[in-house]
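Student: I am new to this structure and would like a close look at a single part of it. Could you take me through one helix slowly, and show me what surrounds it?

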Amino acid sequence: MAIIDLVMPKMGESIMEATILKWHKKVGDSIAMDETLLDIATDKVDSEVPSSVAGKITEILFNENDVVPVGKVIAKVETAGENVSAPAPAPQQAPPPQQEEIKVTPPYIPNTTPAEVQSQSTNNAGTNRFYSPLVLNIAQSEGVPLSDLEKIPGTGNEGRVTKKDILAYVAEGKNVPVQTQATPQPETQTATASEEKEESLQLQKSIPGNVEIIEMDRMRKLIAKHMVDSKHISPHVTSFAEADVTNMVMWREKVKKDFEKREGTKITYTPMFIDCIARVIKKYPMINSSLVDDQIIIKKDINIGMATALPSGNLIVPVIQNADYLNLVGLSKKVNSLADNARNNKLRPDDTQNGTFTLTNVGTFGSLMGTPIINQPQVAILAVGAIKKRPVVIETELGDTIGIRHMMYLSMSYDHRIVNGSLGASFLTAVAKEFEKWDINASW
């Protein structure tokens, strides 16, 4: 017999932990290969985790709602193995078979952790404390051994060591007071949950009037945290532009029936917008970047995220990878597929990873314009408003005239640490012009 360790799978390059939503099996249950073992949630997407082995579950190490670091053992499965028999010449009875400890990560999810981080994480296997790749990299470059790292008091969530903590430790000559207990015990977590319930009851009693108190769901809490963090990280500046999208509207009206009949998918404005944005990003590569400490990382891949509303009212941002390599048909099929999967909770973890720029359509809800919040670690997000017919001045060779045109406002928020007003306004104006010069006779 062999005991197999099942570990929390890595759901993407930036995902370092996941929340256990539901166990589909309990201790003593049998499980088949690829049968769903549990549901987990990250700050990007909810996913089912299948078992990579068949056998009987002997131990479950975490409870529902626990937050578990990637690579941590979450369950043990006993599998059928070959019996270990004694050598033929030996007359004595064969020794009992040994139980072999094996760690298995579900094979369908790639591990993209850098080698140096994997090495230090392996050395950290004996501790319950979790360190981010950034903290491990700083520790390695500053010569801070793991034994010293474990002693640094953390100010992050659940006592984690943050970048600020380890830099302070290094700056103070590595004489920061140590802490003896880094990981909260289950009793403390239970007490905290009870305290939260008590606080909720007290809040309900203290608010006067006829009110209803609704507990924020997990995704709404994550979104709220990300929005606040983004405002703290990036100094936001928003620029506005106006685009005459009459050609876009007329072209879509002309081709949409034939497009759907021939391609088997609808043509919406979103892939048309993304097609134009991808072309403009190539002219302004600084828009397609991120900031790590004092280094600007310019992304060569153009991966455009599209904010999508969910039935719950929350938003998720699936990503169109390498959008500049797709034609209008490919973009339409990808956009519609991702949007449908998002609404039906069928997105894969990779569908929300590695975005480099985000488009959000506030016009879908009737807004003329908006001031969107940057999706970290990106440096810009573009919002398109509702398309409205308005009388506008049209310049012609024979003079100015007034006509009814389809007009739309564009707004872009950008990180002023990297993108100054000149670059931000120039990029936004170029996108508006790209919308305006859409070829009304274009084929697809």
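**A close look at one helix**

Tutor: A good place to begin is Glu263, a residue that has its place in helix α7. Before going further, please keep in mind that this is a predicted model. The relative accessibility of Glu263 is 16%, and because buried means under 20%, Glu263 counts as buried. Apart from its neighbours within four places in sequence, Glu263 is in contact with Val329, Lys333 and Trp444.

With that residue in view, we can turn to the helix as a whole. Helix α7 runs over residues 246–263 and has 18 residues, and the Gly264 that follows α7 has a positive phi, near 75°. From its first C-alpha to its last, α7 reaches 24 Å, which is close to the 26 Å expected at 1.5 Å a residue. As you trace the helix along, look for Val255, since a kink of about 50° in α7 is centred there. Val255 is also one of the buried residues of α7, and the others are Thr246, Met248, Val249, Trp251, Arg252, Phe259 and Glu263.

What do these buried residues pack against? Their partners are β10 (236–244), α8 (269–283), α9 (328–343), β20 and α10 (421–436). Two of these partners, β20 and α9, deserve a longer look.

Strand β20 covers residues 399–415, and His406 is found in it. With a relative accessibility of 18%, His406 counts as buried, because the cut-off for buried is under 20%. If its neighbours within four places in sequence are left aside, the contacts of His406 include Thr246 and Val249, both of which are among the buried residues of α7. His406 is also in contact with Ala243, Asp244 and Val245, and with Ile387, Lys388 and Lys389.

Now consider α9, the helix that meets α7 at the residue where we began. Two packed helices are described by the angle between their axes and the distance between the axes. For α7 and α9, the angle is about 75° and the axes are 13 Å apart. Because angles of 65 to 115 degrees count as roughly perpendicular, α7 is roughly perpendicular to α9. On the α7 side the contact is made by Trp251, Phe259 and Glu263, while on the α9 side it is made by Leu328, Val329, Ser332 and Lys333. Val329 and Lys333 will be familiar, as both were listed among the contacts of Glu263.

Helix α9 itself has 16 residues and reaches 22 Å from its first C-alpha to its last, close to the 22 Å expected at 1.5 Å a residue. Its buried residues are Leu328, Val329, Leu331, Ser332, Val335, Asn336, Leu338, Ala339 and Ala342. What covers them includes α7 and α8, together with the strands β13 (304–306), β14 (308–309), β15 (315–316) and β16 (319–320).

Finally, it helps to set this part within the whole. The protein has 10 helices and 20 strands, and of its 444 residues, 39% count as buried. Among contacts with a separation of 6 or more, 63% are accounted for by residues 24 or more positions apart, and the contact of Glu263 with Trp444 gives you one pair to find in the model. The accessible surface of the protein comes to about 24700 Å², with 52% of it belonging to carbon and sulfur atoms.

Key:
Residues numbered from 1 in each chain as written. Predicted model: local features only at pLDDT ≥ 70, side-chain atom pairs only at ≥ 80, totals over all residues. Heavy atoms only, no water. Helix = DSSP H or I, 4+ residues; strand = E, 2+ residues; numbered from the N terminus. Buried < 20%, exposed > 50% of the residue type's maximum accessible area, 1.4 Å probe, protein only. Contact = heavy atoms within 4.5 Å. Expected span 1.5 Å × (residues − 1). Bend = angle between axes of the 7 residues up to and from the residue. Areas by Shrake-Rupley, 256 points an atom, 1.4 Å probe, with all protein chains shown as cover. Axes fitted to C-alpha atoms, helices over the stretch in contact; angles between N-to-C directions. Parallel < 35°, antiparallel > 145°, perpendicular 65-115°, else oblique.
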